[in-house]
Amino acid sequence: GKQWYQRRVRGDYQPGGDLIYIANSGMGRISVLDGRQQGEVLEELHNQSPHSCDLQLPTGVAHDHLGRLYFTDANNFFCNHFVQVLTAEHRYSHSIGVVGNRPGEFLGPSDLTVDDLGNVIISDTRNHRIQIVDKKNSLVACFGGFGRKRGLLHFPYGVCQRDGVLYVSDTNNHRIQVFNVQNS
């Protein structure tokens, strides 16, 4: 088998498609595995950036109901302060956001999830907030901000959602925060 350097591994499972996507930051790639064949590696995704940057430290991966793949790269400080989107065929489609600290801009996005409506929920880690972008790449919500009080964040990292409830790993506050994002 393949040797895996597991610094951080995050995954996403595509229901009905039996594919497992693994953001393997230690190897600088996203692996596509066949969930029916004991994890057989079907494809390795890397060097997919439109700005001549290699995939350095993929930390978040998710897909939508159309099979599009979304991913973050938290360690490419020079050009990957955005979310990249690939088609269902794993070809570059577009990017979401640019580097910055205003709403719709990102600084070190580290994880993401896609809700049932196709909204992309992104942990904008170094801006200490969560941003939600709709299917048309329009910002629909931006919340959080630096702090220790409830609702504020200090390096949010992991995110997952189910039925309109968002769970955020508020890393440096050493807690999980829960938000209702049903109406976002």
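Which side chains meet in a salt bridge at 3.9 Å, N to O? The side chains of E44 and R29 do so, and this pair is shown in one of the views below. The model is predicted, and each legend describes one part of the structure.

**View A. The chain as a whole is built with strands and without helices.**
The chain has 17 strands and 0 helices. It consists of 184 residues, of which 48% count as buried. Among contacts between residues at least 6 apart in sequence, 38% join residues at least 24 apart. The chain exposes about 9500 Å², and carbon and sulfur atoms supply 47% of that area.

**View B. The salt bridge of E44 and R29 links distant parts of the chain.**
Side chains of opposite charge can pair when their charged atoms come close. The count for the structure comes to 6 salt bridges, one of which joins E44 and R29. E44 lies in strand 4, residues 40–45, whereas R29 lies in strand 3, residues 29–34. The two residues are 15 residues apart in sequence.

**View C. D64 and R68 form a salt bridge.**
The closest N and O atoms of D64 and R68 are 2.6 Å apart. D64 has a relative accessibility of 4% and therefore counts as buried, since the limit for a buried residue is under 20%. R68 has a relative accessibility of 23%, so this residue counts as partly exposed.

**View D. R102 and E105 meet through their side chains in a salt bridge.**
The N to O distance between R102 and E105 is 2.9 Å. R102 is exposed, because its relative accessible area is 55% and the exposed class begins over 50%. E105, with a relative accessibility of 11%, counts as buried. The view thus shows a salt bridge between an exposed residue and a buried residue.

**View E. F143 and F179 form the 1 aromatic pair of the structure.**
The structure holds 1 aromatic pair. The ring centres of F143 and F179 lie 5.0 Å apart and the ring planes stand at 55°, so the pair is tilted. A pair would count as edge-to-face with planes over 60 degrees apart, and as stacked with planes under 30 degrees apart. F143 belongs to strand 14 (residues 139–144) and F179 to strand 17 (residues 175–180), so the pair ties together parts that are 36 residues apart in sequence. F179 counts as buried because its relative accessibility is 15%.

**View F. V181 is a buried residue in the segment after strand 17.**
The position of V181 is in the segment after strand 17. Its relative accessible area is 6%, and V181 is therefore buried. Leaving aside residues up to four places away in sequence, V181 touches I121, I132, F143, G164 and L166. One of these residues, F143, also takes part in the aromatic pair with F179. V181 and R162 are 19 residues apart in sequence, and their C-alpha atoms are 9.7 Å apart in space.

**View G. T113 is a buried residue of strand 11.**
T113 is placed in strand 11, which covers residues 109–114. With a relative accessible area of 12%, T113 is buried. Not counting residues up to four places away in sequence, T113 touches A62, N119, V120, I121, V159, C160 and Q161. I121 is in contact with T113 and also with V181.

**View H. H90 and D163 each have a positive phi without being glycine.**
Phi of H90 is near 65°, and phi of D163 is about 55°. H90 is found in the loop between strand 7 (83–86) and strand 8 (92–96). D163 is found in the loop between strand 15 (156–162) and strand 16 (165–170). Is each residue buried or exposed? H90 counts as buried because its relative accessibility is 6%, whereas D163 is exposed because its relative accessible area is 58%.

**View I. C142 and C160 are partly exposed cysteines in a structure with 0 disulfides.**
A search of the whole structure finds 0 disulfides. C142 has a relative accessibility of 33% and so counts as partly exposed. C160 has a relative accessibility of 42% and so counts as partly exposed. C160 is also among the residues that T113 touches.

Terms used: Residues are numbered from 1 along each chain as its sequence is written. This is a predicted model: local features need pLDDT of at least 70, side-chain atom pairs count only at pLDDT 80 or more; totals for chains, interfaces and linings use all residues. Side-chain values use heavy atoms; hydrogens and water are left out. A disulfide is a pair of cysteine sulfur atoms within 2.5 Å. Buried means under 20% relative accessible area, exposed over 50%, partly exposed in between (1.4 Å probe, protein chains only). Rings of Phe, Tyr and Trp (its six-membered ring) pair if their centres lie within 6.5 Å; planes under 30 degrees apart count as stacked, over 60 as edge-to-face and the rest as tilted. Helices (H or I, at least four residues) and strands (E, at least two) are DSSP runs, numbered from the N terminus. Contact means heavy atoms within 4.5 Å. Accessible areas come from the Shrake-Rupley method with a 1.4 Å probe; for residues, only the protein chains shown count as cover. A salt bridge is a side-chain nitrogen of Lys or Arg within 4 Å of a carboxyl oxygen of Asp or Glu.
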